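I opened this notebook to record how some helices pack against one another. Each entry states what I looked up and what I found.

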Protein chains: 2
Amino acid sequence: MTRLTLAIDAMGGDFGPCVTVPAALQALASHSELFLLLVGHPDTLTPLLAKADSSLTGRLQVIPAESVIASDARPAQAIRNSRGSSMRVALEMVKEGRAQACISAGNTGALMGLSTLLLKPLDGIKRPALMSVLPHQQQGKTVVLDLGANVNSDSAMLVQFAVMGSVMAEHVLGIPRPRVALLNIGHEETKGLETIRDAAVVLRESPQINYIGYLEGNELLTGKTDVMVCDGFVGNVTLKTMEGVVRMFLSLLKSSGEGKKRSWWLTLLGRLIQKRLAKRFGQLNPDQYNGACLLGLRGTVIKSHGAANQHAFAVAIEQAEQAVRQQIPERIAARLDAVLARSDKA
Amino acid sequence: MTRLTLAIDAMGGDFGPCVTVPAALQALASHSELFLLLVGHPDTLTPLLAKADSSLTGRLQVIPAESVIASDARPAQAIRNSRGSSMRVALEMVKEGRAQACISAGNTGALMGLSTLLLKPLDGIKRPALMSVLPHQQQGKTVVLDLGANVNSDSAMLVQFAVMGSVMAEHVLGIPRPRVALLNIGHEETKGLETIRDAAVVLRESPQINYIGYLEGNELLTGKTDVMVCDGFVGNVTLKTMEGVVRMFLSLLKSSGEGKKRSWWLTLLGRLIQKRLAKRFGQLNPDQYNGACLLGLRGTVIKSHGAANQHAFAVAIEQAEQAVRQQIPERIAARLDAVLARSDKA
């Protein structure tokens with residue numbers, strides 16, 4: 001494979017360099033063709049790299065950035081004062097062509113705003129959307145968006161999310177004529193918010209989109225749709241609710257059987273069975289699919305969970321690598337013109 | 001215990017009398033002080049009761065209703081044409097004092113509208129809210145509302161939900177100074193929708209409410225709050241998402257280990273362990289806590305899941321029984337005046 005350079009906002013996220021640096025080294029160890037630009041305070045980053053293998057640090061460069069955008073900063077204000085921040089410098093690496101994608105676990109609103117400002121949306125896209133690919137019960141995958149980039153999405157935006165999600169499912173997941181559904185609180189046409197009902201009218205009349213109607217929250221993981229569209233507020237709450245339940249199950253599974261005195265063979269057997277269950281459930285472990293892709297831009301930006309641990313952040317770096325190899329922005333741009341033109345007419 | 005009469009909309013829900021009638025008989029068998037009014041088509045209901053034990057049917061009366069409100073009907077239109085429908089007649093039983101509560105698995109919007117029209121909201125309540133009590137990881141319970149009665153909730157409504165939820169947690173769950181949180185997409189004050197941020201300002205300054213701030217979807221089951229407040233759209237999607245994940249886990253748990261040839265003792269042991277896990281997970285099984293209470297009315301109305309099975313509908317009947325015994329409307333009314341007056345001032 002050809003060389004690939006990614007820029008990492010090393011200061012972003014709840015744990016900053018304590019997570020991003022080891023995750024970067026982990027990613028370099030797994031992918032020999034990978035080069036990483038670690039953006040942040042050199043004084044903080046350099047000591048963390050001191051003991052790393054030179055075969056890894058040879059493919060890594062620290063790019064100085066003097067400030068950090070706080071997780072709780074107001075996005076508008078953060079963007080105004082963003083010059084020299086690790087997030088902005090990382091995005092500038094992509095803008096200047098020095099990196100092919102950027103990964104950040106920092107302030108979502110600021111990342112969304114700065115990415116739009118620096119990398120620009122694709123023609124026909126009002127606002128980019130955060131997209132994740134979730135595993136479902138039928139062994140396949142579902143594209144879900146928006147996961148929090150737009151807390152207020154109007155019907156035109158929902159239609160654009162549907163188009164981007166559909167392109168993603170078809171060209172990246174390889175699903176022909178992917179099914180597209182809107183997340184709602186009932187299946188009946190009369191249900192839910194006006195923005196959703198208006199988007200449904202447009203999608204129903206769009207021959208380019210295989211629109212299948214409304215689905216409810218409990219159908220997210222059933223594999224009934226290939227693309228699930230919702231506004232950013234609902235998407236974020238839904239994804240996090242799902243994560244919370246999965247984490248609770250995994251921890252119950254782990255703790256189950258602990259603290260009881262049993263014969264060694266019974267304990268061993270119990271663990272074996274629990275391991276098998278954990279493996280099946282584990283495919284839904286949020287750490288396994290960390291990293292939402294900001295779709296609709298002229299470049300690749302991956303948003304990691306703010307609370308990501310080393311493993312999860314390494315998964316986000318891999319997501320960026322795959323998104324670049326799959327040429328997601330280029331593929332969306334290529335299809336978007338035709339699809340949106342027809343949706344507009346409909 | 002004293003005699004208690006409940007009215008059941010026997011025609012509502014996805015399965016109508018096929019579920020409501022056996023569930024009613026099940027509830028009568030478990031509660032000797034219970035009397036039920038089954039509201040619906042006598043021609044449909046009577047044959048289903050033919051083989052039932054007379055000790056049960058003696059505490060049951062069929063109340064004729066000629067029509068049924070469809071699940072997919074537009075609420076406004078359904079309410080206009082509701083005269084003589086099973087849902088409306090069941091609510092009229094409560095209004096006329098012939099029953100102490102009503103249970104329906106029918107159209108949520110119509111139930112909400114008709115309940116408000118017939119039973120009237122309490123003083124100071126703009127719109128009633130659907131509330132459920134969910135088990136959490138710390139062995140306690142969390143009051144969650146609104147779960148779908150109001151798809152658009154303004155900040156004043158969110159504050160009222162907080163007050164009602166708080167009264168419910170204190171007086172029914174017995175939690176002194178219950179913690180109240182708003183469901184949002186981040187903990188920071190700047191996050192989320194304007195309605196939520198405005199409600200936060202009021203709640204923060206209300207000495208009657210122990211407001212603890214924003215919580216995210218993944219914190220719903222952690223026991224970090226006693227009351228979780230959200231608008232009806234988000235609450236409905238969140239609850240259903242949670243249900244979907246729990247059902248998936250329970251089905252994985254059940255199927256795990258099936259179809260493999262193993263020695264009998266290994267199979268037996270596996271089943272034992274799975275049973276233990278299923279028991280722990282099972283407390284989150286949606287069927288175990290079916291039945292959301294419509295809070296803020298001058299009477300008790302329980303909304304069952306439309307897709308409820310017999311067991312789940314019987315649980316909803318029990319919820320109604322408990323709500324009546326706990327005098328929820330009276331308790332809320334008694335506390336509401338003081339609390340809302342102070343919140344308004346704040």
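**Helix packing around α1(A)**

I began with handedness: α1(A) and α2(A) cross in a right-handed sense. The model I consulted is a predicted one.

I then looked up the geometry of this pair. Helix α1 of chain A covers residues 17-30, and helix α2 of chain A covers residues 42-49. Their axes lie 10 Å apart and form an angle of about 50 degrees. The two helices are therefore classed as oblique to each other.

Next I listed the residues that make the contact. From α1(A) I noted Pro17(A), Val21(A) and Leu25(A), and from α2(A) I noted Thr44(A), Leu45(A), Leu48(A) and Leu49(A). I sorted the residues of this contact by class and found six nonpolar, one polar and no charged.

I turned to a second partner of α1(A), helix α11 of chain A, residues 310-325. The axes of α1(A) and α11(A) come within 8 Å and cross at roughly 55 degrees. That angle makes α1(A) oblique to α11(A). I recorded the crossing of α1(A) with α11(A) as right-handed.

Which residues make the contact between α1(A) and α11(A)? On the α1(A) side I found Val19(A), Thr20(A), Pro22(A), Ala23(A), Ala24(A), Gln26(A) and Ala27(A). On the α11(A) side I found Gln310(A), His311(A), Phe313(A), Ala314(A) and Ile317(A). By class, I entered eight nonpolar, four polar and no charged residues for the contact of α1(A) with α11(A).

Conventions
Residues are numbered from 1 along each chain as its sequence is written. Chains are lettered from A and ligands numbered from 1 in the order in which they are written. This is a predicted model: local features need pLDDT of at least 70, side-chain atom pairs count only at pLDDT 80 or more; totals for chains, interfaces and linings use all residues. Side-chain values use heavy atoms; hydrogens and water are left out. Axes are lines fitted to C-alpha atoms, for helices over the stretch in contact, and angles run from 0 to 180 degrees between N-to-C directions. Helices (H or I, at least four residues) and strands (E, at least two) are DSSP runs, numbered from the N terminus. Angles under 35 degrees count as roughly parallel, over 145 as roughly antiparallel, 65 to 115 as roughly perpendicular and the rest as oblique. A crossing is left-handed if the near helix is turned anticlockwise from the far one by less than a right angle, and right-handed if clockwise. Contact means heavy atoms within 4.5 Å. Ala, Val, Leu, Ile, Met, Phe, Trp, Tyr, Cys and Pro count as nonpolar, Asp, Glu, Lys and Arg as charged, and the others, Gly among them, as polar.
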